[in-house]
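This report describes a protein model, moving from one of its helices to the chain as a whole. Please keep the sequence and the structure in view while reading.

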Amino acid sequence: MNSSDLISGPSASGSSPAWDAIVVGGSAAGLSAALMLGRARRRVLVIDAGSPRNRFAAHMHGVLGNEGTAPAELVGRGRAEVAAYGVEVREGTVERVSEIAAGAPTSAGEADARLTVAVSGAAPERTRALIVATGIADELPAIPGLAERWGTSVLHCPYCHGWEVRDRRIGVIATSPMALHQARLVRQWSDRVVLFSAAAGEIDAADAQRLRSRGVEVETSPVVEVLGDGDAVTGVRTADGRVTEVGAIFTAGAPRPHDGFLADLDLARTEQPFGLGSFLTVDFAGRTSHERIWGVGNVVNPMANVPIAMAAGAMAGGAANGALVEADFDLAVRATSEGSDADAGAAGARA
Ligand SMILES: Cc1cc2nc3c(=O)[nH]c(=O)nc-3n(C[C@H](O)[C@H](O)[C@H](O)COP(=O)(O)OP(=O)(O)OC[C@H]3O[C@@H](n4cnc5c(N)ncnc54)[C@H](O)[C@@H]3O)c2cc1C
């Protein structure tokens with residue numbers, strides 16, 4: 001029996017039958033989870049707001065088998081692939097997820113679908129399992145000329161874009177002390193690196209010597225403007241009035257997870273290393289502190305790139321199906337023993 005047979009029937013909201021799984025966020029992580037669940041013959045809905053984090057970049061790199069693919073092309077292919085297994089993909093924004101308390105009445109067929117997903121401008125949906133794959137927003141330094149070149153010549157990850165700007169004179173604009181590491185990292189792609197260090201605070205003698213040892217220059221005056229020609233960066237103006245010519249910039253935005261819609265559920269959170277902020281706590285398979293909610297990709301791991309997000313999605317998709325498999329057996333055992341109790345009761349009444 002397919003699990004949908006166990007939970008079919010109208011939902012309490014009257015909107016539609018409950019889903020085995022709802023995936024919130026339909027990009028690398030979410031579509032990968034949906035692919036596993038769809039191929040496991042689950043009834044799956046993907047709800048996606050259509051703004052993946054890498055939408056500013058024309059091409060993806062470091063993604064085996066997809067080198068240079070446009071981010072939108074990968075998502076388009078992923079959508080077609082999951083649709084082939086019956087997964088439904090809808091555009092929309094999830095505003096809130098709530099839970100019907102254990103013991104509270106539900107319609108008979110939907111006792112296992114306790115999560116309610118509120119979607120902007122649409123009827124709420126009920127689901128047995130939830131995969132959160134909503135990514136992060138990069139809160140960028142408020143420097144004129146910077147945000148408009150994000151993803152083209154203002155970059156965050158040398159593994160994604162370092163090759164494309166190799167050997168240029170590269171500026172690293174600090175947003176925290178972590179920038180010292182970023183400057184040393186970028187030195188792998190160019191021997192002309194300038195660290196604009198103001199936001200990293202004072203650099204001690206040992207760190208300064210380390211940077212100097214491989215030719216990394218340090219400018220301490222704060223950056224007040226990024227200069228450029230269209231998408232291309234040409235230089236950086238500092239508060240002391242000087243202009244330093246650079247052909248690309250690396251900087252780190254503050255990662256803000258898109259998880260506010262889960263606030264009612266009081267899920268456990270963990271402070272990420274390097275001051276990256278508070279993110280949902282997940283286990284190795286992406287399960288949160290709620291036994292039917294998984295988090296995958298950037299929303300739980302700000303360091304994840306596309307392949308890491310996809311791998312996490314695949315793992316959680318399998319784990320969610322595994323949990324539903326056991327729940328299906330629990331439901332079936334309960335139904336069987338209730339049936340035999342009823343039979344025994346009827347036999348007793350006849351005797
Ligand atoms: C400029 C830039 C370039 C990058 N280039 C590369 C690269 O070359 N190679 C690489 O491997 N990585 C790259 N990355 C990193 C890459 O973008 C992420 O690793 C990847 O997008 C993470 O996938 P994800 O599925 O977790 O999140 P995302 O791709 O961000 O997808 C999250 C999805 O959830 C949706 N969503 C959010 N909130 C809601 C909601 N409430 N309801 C419904 N939907 C919602 C969003 O609209 C979005 O579609 C780049 C990042 C940036 C910023």
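## A mostly covered helix

Helix α5, which runs over residues 179-186, is mostly covered, with 6 of its 8 residues buried. The model in which this helix appears is a predicted one. The buried residues of α5 are A179, L180, Q182, A183, L185 and V186. In general, an α-helix has 3.6 residues a turn, so residues three or four places apart point the same way.

What do the buried residues of α5 pack against? Their partners are two helices, α4 (158-161) and α6 (205-213), together with three strands, β9 (170-173), β10 (193-196) and β15 (248-251).

## Two residues from helices α5 and α6

H181 also belongs to helix α5. Is H181 buried, partly exposed or exposed? H181 is partly exposed, because its relative accessible area is 40%, and the partly exposed class lies between the limits of 20% and 50%. Along the chain, H181 and L211 are 30 residues apart, and 9.6 Å separates their C-alpha atoms.

R212 is part of helix α6. Its relative accessibility is 54%, so R212 counts as exposed, the limit for that class being over 50%. R212 and I293 are 81 residues apart along the chain, and their C-alpha atoms are separated by 48 Å.

## Two buried strand residues

V94 lies in strand β4, which covers residues 94-99. Because its relative accessibility is 9%, V94 counts as buried; the limit for that class is under 20%. When neighbours within four places in sequence are left aside, V94 is in contact with V24, I47, V117, A118, V119 and F261. The C-alpha atoms of V94 and G121 are 9.7 Å apart in space, while the two residues are 27 residues apart in sequence.

Q272 has its place in strand β17. Is Q272 buried or exposed? With a relative accessible area of 17%, Q272 is buried. If residues up to four places away in sequence are not counted, Q272 touches G277, F279, V300 and P302.

## Positive phi angles in loops

Most residues other than glycine have a negative phi. Against that background, two loop residues deserve attention. R41 is a residue other than glycine, yet its phi is positive, near 65 degrees. R41 lies in the loop between helix α2 (28-39) and strand β2 (44-48). R41 counts as exposed because its relative accessibility is 67%.

F274 is not a glycine either, and its phi is positive at about 60 degrees. The loop that holds F274 lies between strands β17 (269-272) and β18 (277-280).

## Two domains and the area between them

The protein chain is divided into two domains. Domain 1 takes in residues 3-137 and 255-343, and domain 2 takes in residues 141-252. How far apart do the C-alpha centres of domain 1 and domain 2 lie? The distance is 37 Å.

In the contact between the two parts, 6 residues of domain 1 meet 8 residues of domain 2. The size of an interface is often given as the accessible area lost when the parts come together. Between domain 1 and domain 2, the buried area is about 640 Å², and carbon and sulfur atoms give 62% of that area. On the domain 1 side, F56, H61 and F274 lose the most area to domain 2, together accounting for 65% of what that side buries. F274, one of these three, is also the loop residue with a positive phi of about 60 degrees.

## The chain as a whole

The protein chain contains 7 helices and 19 strands. Along its principal axes, its C-alpha trace spans about 100 × 40 × 35 Å. Of its 351 residues, 46% count as buried. Among contacts between residues at least 6 apart in sequence, 59% join residues at least 24 apart.

The area exposed by the protein chain is about 16,700 Å², with carbon and sulfur atoms supplying 55% of it. The chain carries 31 positive and 41 negative side chains. The centres of these two sets lie 3 Å apart.

Methods
Residues are numbered from 1 along each chain as its sequence is written. This is a predicted model: local features need pLDDT of at least 70, side-chain atom pairs count only at pLDDT 80 or more; totals for chains, interfaces and linings use all residues. Side-chain values use heavy atoms; hydrogens and water are left out. Helices (H or I, at least four residues) and strands (E, at least two) are DSSP runs, numbered from the N terminus. Buried means under 20% relative accessible area, exposed over 50%, partly exposed in between (1.4 Å probe, protein chains only). Contact means heavy atoms within 4.5 Å. Accessible areas come from the Shrake-Rupley method with a 1.4 Å probe; for residues, only the protein chains shown count as cover. Lys and Arg count as positive and Asp and Glu as negative; His and the chain ends are not counted. The place of a charge is taken as NZ of Lys, CZ of Arg, CG of Asp or CD of Glu. Domain bounds come from an automatic or database domain assignment. Buried area is the accessible area (1.4 Å probe) that two parts lose on being put together, summed over both.
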